[in-house]
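Subject: Structure for your files

Dear colleague,

Here is the structure I said I would pass on. My notes come after it.

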Amino acid sequence: MTKHSTALAPSAPAPGWPDLTDADLLRTLVETERRRRRLDAAMRAAVSEAERRGLAVDTGYRDTVDLLIDLLRISAHEARRRIEYAVPHPRPRTKKVWRVLAAAS
């Protein structure tokens, strides 16, 4: 019987962790990371859409940072980080890059 389960992850350390075989623990690590990445992608998409819609102002918040602080109970720093991660701003090209592009044409 395989004891592989990511259901154990939220309560770590919990009874049962020492009972996992090495292979089951490795599978749990991989599966937990896969799920974490999927959740991160969903959060980025939701934050991006909230920002695009202007949801914060429409619901009485000053900006998306304030909305996330209140709604998710996270710090201002974490709220700004999530917005920046979800809605990346293009970096301006430096003059050097423009010269390289012009020379290549």
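Below are the conventions, then the chain as a whole, then one helix.

This is a predicted model, in which local features need pLDDT of at least 70 and side-chain atom pairs count only at pLDDT 80 or more, while totals for chains, interfaces and linings use all residues. Residues are numbered from 1 along each chain as its sequence is written, and side-chain values use heavy atoms, with hydrogens and water left out.

The protein chain holds 5 helices and 0 strands (DSSP runs numbered from the N terminus: H or I of at least four residues for helices, E of at least two for strands). Of its 105 residues, 18% are buried (buried is under 20% relative accessible area, exposed over 50%, partly exposed in between; 1.4 Å probe, protein chains only). Contacts are heavy atoms within 4.5 Å; of those between residues at least 6 apart in sequence, 30% join residues at least 24 apart.

Helix H1 covers residues 22-53, 32 in number, and reaches 47 Å from its first C-alpha to its last, close to the expected 46 Å (1.5 Å times one less than the number of residues). Asp 24, Thr 28, Glu 31, Val 47 and Ala 50 are its buried residues; the buried residues of H1 pack against helices H2 (55-58), H3 (64-72) and H4 (76-86). Just after H1, Gly 54 has a positive phi of about 70 degrees.

Leu 25 also lies in H1 and is partly exposed, at a relative accessible area of 33%.

Regards
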